[in-house]
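Let's take a walk through this fold, starting inside and working outwards. Have the model open and follow along.

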Amino acid sequence: MGMTDVLIVGAGPTGLVLACDLARRGVAVRIVDRSPTPPRTSRAKGPNPRSLEILDDLGVAEEVLAAGSAPLPMLKYRDRRPVAEADPWADTAPSPDARYDRGWLIAQWRLEGILRDRLAGYGVRVEPGREVVGLAQGRNEDESGSGSDGGHGAYGHVDVTYADGQAGRARYVVGCDGAHSSVRKLLGITFEGTTAEDQVMVCGDVDLAEGALDRTRWHQWFDEDGAVMLCPIPGTRTGWWFQAGPERDGRGRPLAPTADGFRRLLAHHTALPGRDLTRAELLSTYRVNVRMADRFRAGRVLLAGDAAHVHAIAGGLGMNTGIQDAFNLGWKLGLVLAGHADAELLDTYEEERLPVAARTLDLTSERLRATLEAIRRPGGGLDTAITPDTTGLGVGYRWSSLAAHHTDAPTDVAAADRAPQGARPGPHAGDRAPDAPCADAATGERTRLHRVFAGPRTTVLGFGPGSATVLRETAAAYGGDAGVRVCRVYAAHEDRAGAEPGAVVDDAGHAAAAYGTGASGVTGAGTVVVVRPDHHVGVLAPADDARSVREYLRRLHGTGRSAERSPGMVDAVRKG
């Protein structure tokens, strides 16, 4: 089988996003799934705004948008009559710092197909029907991640055994294999939490007779004795997502979902005859599970997505949290495998994502409680579950050791005076780096900061003339293909003669507003922002603080050209 860099177990959205991110970094990656054919499930209804930004970075957002549809207004019924309509997105609009103001409806299997195609473009294909039954970590190193080599021993590896008796070996393994994760069980990692046996829903993909219901609405019938929800599946003429309270037996126990059961539920709660439901498949029972792994890493094996955390469906954060786990982990694995960063960098994956998972568990449980309360009253519905928290745009890592905290103080006294309670405008280290429309300095073409960040690199933004020196030093140290790019952001009034390639013009002032650098034009000092490959701010410092930038980049990317591992590379640099 040979050695691979990273073996990903599980080819759902989490595993596929991670595989795409690693493959484009040139990492040797394999992705296996126990299912003999691509799994088709209808649980997730689509990416939220933050996941759309990630899919955009991976180059598939346009395709996802085209294959899906905007989220629909919700039409709510009681006793078969429409009683209320709600559009949770009526008051939102894209803003300069966030291009996506709402999630998108797309069948999960369709999203997975788009990601599999993207992955195939890198020459990597999902290996179906491969179930992992054994994991053994090479013990010739300190596996705790705290040794002198950061747990990244020269011979470190994981031996993998498959159900068919075959074996493989990988430097790292990532379990993206869902709530019943084999990888998690093989590691003996506990999955603490609760299962609410009484909070049960039956789900499936169904076909309804053409014209039976208006396909521009998500229909929700909430009655005293149960509920039926029908949402049109984008890209189909007659397909709908069906969710309902289950039928129950004489003792009140939920019955397993069946097509006939769905027909009875439809006839009972809606004005449609049962026969209008012509097909039902992908039937499943959903129980509210709120569980979390107590750690996301054991040596060279990591967990992501539902393998690490599961929670209430309210707010639609399950798949999204997994996609965001993958985007946090991919660049860290990439830099460690390339030999630029110490393996200790991998500890920051759990440090950053475990608290986010814990908070997501609380948030979704609270939204579920609020929704269950809302639907007791006529007109209440699933819109209760949708809040600004569910966009994912506010998730940051201010507590992380990768957030350079000294920069949280205002950069000058005047700024401190203007800012409320000494708070500085703009993001803090650890926060999501805002987007902003701007223009290419050389061509005048429209672009935006998230396009500048796109691709598997760290970006150093420089605002103000004072930032030129740091950008020049950084380009000299990490130029070429070392995974660091620099970008000077010019204000509209600045002279940009001699602008470096890749520089942008903040012609409407949106970037300065988003990053709180408006004052830098006055003081002339300027500001430097280091943006991690996952679009989070690492350092935000005055431009004369070159040391902070240097130290941060050294931690992620090594010392740059002077420390290239391969002598041939050094010679090439010298000759150049």
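Leaving aside residues up to four places away in sequence, which residues does Val174 touch? Its contacts are Val6, Leu7, Ile8, Val9, Leu18, Leu302, Ala304, Leu329 and Leu333. Keep in mind that this is a predicted model. Val174 also belongs to the largest nonpolar core, a set of 113 residues, where Val174, Val6, Ile8 and Leu333 are the ones with the most contacts inside it. Helix H7, spanning residues 318-337, supplies the largest share of this core, with nine residues.

Stay with H7 for a moment and look at its packing partner. Helix H8 (residues 347-374) packs against H7 at an angle of about 170 degrees, and their axes are 10 Å apart. Angles over 145 degrees count as roughly antiparallel, so that is how H7 runs relative to H8. On the H7 side you'll find Thr321, Gln324, Asp325, Asn328, Leu329 and Lys332, which meet Thr348, Tyr349, Glu352, Arg353 and Thr360 of H8. Sorted by class, this contact has two nonpolar, five polar and four charged residues. Leu329 turns up twice in this tour: it meets H8 here, and it is also touched by Val174.

Now for the sheets. One is an open sheet of eight strands in the order E4-E3-E9-E10-E11-E8-E12-E15, with mixed pairing. Strands E4 (81-86) and E15 (309-310) each have a single partner strand, so they sit at the edges with one side lacking a neighbour in the sheet. Helix H6 (residues 259-269) packs on this sheet and touches E8, E9, E10, E11 and E12, its direction making about 90 degrees with that of E12.

Zoom in on the E4 edge. Strand E3 (residues 74-78) runs antiparallel to E4, and five bridges join them; Met74 stands opposite Ala86 in E4. The two strands form a hairpin with two residues between them, and Asp79 in the turn has a positive phi of about 55 degrees. Elsewhere in the sheet, E8 (residues 191-208) and E11 (residues 239-244) are also antiparallel, joined by six bridges, with Asp205 partnered by Trp241 in E11.

Further along the chain there is an open sheet of seven strands, ordered E17-E16-E20-E19-E18-E21-E22, again with mixed pairing. Its edge strands are E17 (446-448) and E22 (537-542), each with a single partner, so one side of each has no neighbour in the sheet. From one strand to the next, the twist averages 30 degrees. Inside this sheet, E19 (residues 484-491) and E20 (residues 504-506) run parallel and are joined by three bridges, with Ala491 paired to Asp506 in E20.

Notes. Residues are numbered from 1 along each chain as its sequence is written. This is a predicted model: local features need pLDDT of at least 70, side-chain atom pairs count only at pLDDT 80 or more; totals for chains, interfaces and linings use all residues. Side-chain values use heavy atoms; hydrogens and water are left out. A nonpolar core is a set of buried Ala, Val, Leu, Ile, Met, Phe, Trp, Tyr and Cys residues joined through side-chain atoms within 4.5 Å. Buried means under 20% relative accessible area, exposed over 50%, partly exposed in between (1.4 Å probe, protein chains only). Helices (H or I, at least four residues) and strands (E, at least two) are DSSP runs, numbered from the N terminus. Contact means heavy atoms within 4.5 Å. Two strands pair if DSSP finds at least two bridges between them. Axes are lines fitted to C-alpha atoms, for helices over the stretch in contact, and angles run from 0 to 180 degrees between N-to-C directions. Angles under 35 degrees count as roughly parallel, over 145 as roughly antiparallel, 65 to 115 as roughly perpendicular and the rest as oblique. Ala, Val, Leu, Ile, Met, Phe, Trp, Tyr, Cys and Pro count as nonpolar, Asp, Glu, Lys and Arg as charged, and the others, Gly among them, as polar.
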